[in-house]
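Please open the model in your viewer and keep the selection tool at hand, since this tour moves from one selection to the next.

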Amino acid sequence: MLKQILSKLPRKSSKSTANRDHSGNHAANSNASSGSRSSGGKSANSSISSIAVNSSVPDVAIHHGVNSKLNGTLGFSQYEGLPGFKDVPNSEKQSLFIKKLNMCCFIFDFTDPTKNLKEKETKRQTLLELVDYVTSISGKFSETAMQEVMKMVSANLFRTFTPQPRENKVIDGVDLEEDEPSMDSAWPHLQIVYELFLRFVSSTETDAKLAKRYIDQPFVLKLLDLFDSEDPREREYLKTILHRIYGKFMVHRPFIRKSINNIFYQFIFETEKYNGIAELLEILGSIINGFALPLKEEHKMFLVRAMIPLHKPRCLAMYHQQLSYCITQFVEKDCKLADTVIQGLLKYWPVTNSSKEVMFLNELEEVLEATQPSEFQRCIVPLFQQLARCLNSSHFQVAERALFLWNNDPIENLIIQNRKVILPIIFPALEKNARNHWNQAVRSLTLNVRKIFEDLDHELFNECLLKFQEDEKKEVEIKARSEAAWKRLEEIAAQKTASDDKMVVPC
């Protein structure tokens with residue numbers, strides 16, 4: 001009976017048992033922390049309780065008073081750095097590398113620059129040490145190391161951007177580069193993370209076959225989303241990194257091209273808002289330059305469906321230089337595409353935006369330089385009908401830029417070879433400019449072009465002049481007949497009004 005009563009009394013757990021239980025839970029938490037991967041652009045660990053301790057290497061201790069968030073207010077009292085790589089034997093450097101990566105998964109809040117200054121500096125120094133280690137490593141990265149690198153990179157880089165008001169940022173005719181770019185306050189950490197990732201991707205010690213398990217299609221999509229960053233420094237790093245990934249991971253090349261294509265579609269036909277178009281085009285310029293000949297149908301469709309329609313948005317000035325380079329690369333690769341490109345430019349030719357029209361003329365000159373005579377002949381009529389309108393533009397820069405085409409020797413040779421078709425189209429514009437254009441420089445350039453044709457083919461020039469004079473007479477006659485008809489109608493209307501007034505009988 002006494003034994004039964006005693007057995008029901010609560011027992012006090014021993015100190016050793018409690019320690020064992022605590023140690024087991026601590027190890028389990030540590031393993032779960034180091035083995036998990038990030039997803040959805042967020043860190044894998046929403047809160048950090050501790051990082052596994054190695055018996056011979058002191059670790060980071062992070063003690064929390066409250067549950068801390070990666071992008072919220074920190075509630076820890078201590079964030080201690082790890083020893084340097086030079087302070088540990090070679091056999092433990094890999095383990096220390098992984099611990100430092102885990103440590104850097106913690107994201108600090110940079111909205112308040114006065115908070116956690118010591119901890120932020122500790123993380124910055126740790127990131128710099130990781131960059132040095134990745135640069136100087138001798139021997140292939142293990143799969144565990146790759147996994148931890150990608151976890152840390154994802155935790156730091158993949159985030160949701162706060163949209164900035166852009167209503168007044170896109171103004172026709174204004175150099176948008178004069179606007180102050182929005183700089184990310186977390187750049188002191190982000191820059192080093194980008195540098196580390198760039199060196200990791202570029203390193204000869206990174207096995208592409210192994211790394212492609214972690215640098216996969218979902219990762220590439222998240223990386224492409226970052227190109228919409230307002231910070232130009234971040235987009236510059238992304239441009240370099242994506243280009244290295246494209247070069248190193250051949251299996252991802254079609255997917256990267258398709259994903260960029262989809263970004264362009266959304267930009268052109270839906271939003272007309274995307275910060276990284278210029279950087280993506282820079283990458284494509286290098287990719288197009290490496291296309292094998294003959295060009296695949298996929299590449300030609302990309303030109304027609306994405307590259308040419310990129311001339312449509314109002315903010316063309318933000319990326320026109322890079323776009324023009326890509327277009328010219330296509331024409332240089334396959335001269336038969338010149339007609340397609342020129343017809344595309346004519347389709348999207350601006351009507352009321354003079355600064356955009358000047359950009360089109362600049363690009364047209366580059367395309368025409370690479371155009372063969374056979375392709376040039378296919379688009380002569382619509383092309384020079386548009387150039388005639390440019391010659392008569394009241395905006396002197398448009399007219400002047402169009403006339404400068406005659407200063408380009410390859411283009412002038414194409415025009416001379418096809419003068420019998422071209423001169424009758426542009427002669428009226430030349431004559432009207434020479435007589436009536438308000439700008440002296442435009443009149444002088446027009447007279448120079450006029451003289452080129454007159455000296456080259458005097459008979460053709462006289463024929464065009466005679467036809468122009470006949471057309472002028474016809475226009476005068478038509479105008480006179482129109483005025484006479486209107487005058488006659490006014491007289492008839494006046495007579496009818498007078499007769500109606502006489503017929504009115506007063507009451």
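Contact, as the word is used on this tour, means heavy atoms within 4.5 Å. The model is a predicted one, and a good place to begin is Met-307, which, leaving aside residues up to four places away in sequence, touches Phe-264, Leu-281, Leu-284, Ile-288, Phe-302, Leu-323, Cys-326, Ile-327 and Phe-330. Keep Met-307 and Phe-264 selected, because they are the residues with the most contacts inside the largest nonpolar core, which has 135 residues. Helix H6, residues 187–202, is the element to colour next, as it gives the most to this core, with 10 residues.

Move on to helix H19, which spans residues 409–417, and pick out Glu-412 within it. Which residue carries the nearest side chain of opposite charge to Glu-412? That side chain belongs to Arg-419 and is 11 Å away, and Glu-412, although buried, has no salt bridge. Displaying its surroundings, again without residues up to four places away in sequence, shows Glu-412 touching Trp-406 and Ile-452.

Now select Gln-440, which lies in helix H21, residues 440–456. Gln-440 counts as partly exposed because its relative accessibility is 48%. Measuring from C-alpha to C-alpha places Gln-440 at 9.4 Å from Phe-396, although the two are 44 residues apart in sequence.

The last stop concerns the cysteines, and the structure holds 0 disulfides. Cys-104 is in no disulfide, and the nearest cysteine sulfur, that of Cys-105, is 7.6 Å away. Cys-104 is buried, with a relative accessible area of 0%, whereas Cys-335, at 32% relative accessibility, counts as partly exposed.

Notes: Residues are numbered from 1 along each chain as its sequence is written. This is a predicted model: local features need pLDDT of at least 70, side-chain atom pairs count only at pLDDT 80 or more; totals for chains, interfaces and linings use all residues. Side-chain values use heavy atoms; hydrogens and water are left out. A nonpolar core is a set of buried Ala, Val, Leu, Ile, Met, Phe, Trp, Tyr and Cys residues joined through side-chain atoms within 4.5 Å. Buried means under 20% relative accessible area, exposed over 50%, partly exposed in between (1.4 Å probe, protein chains only). Helices (H or I, at least four residues) and strands (E, at least two) are DSSP runs, numbered from the N terminus. Lys and Arg count as positive and Asp and Glu as negative; His and the chain ends are not counted. A salt bridge is a side-chain nitrogen of Lys or Arg within 4 Å of a carboxyl oxygen of Asp or Glu. A disulfide is a pair of cysteine sulfur atoms within 2.5 Å.
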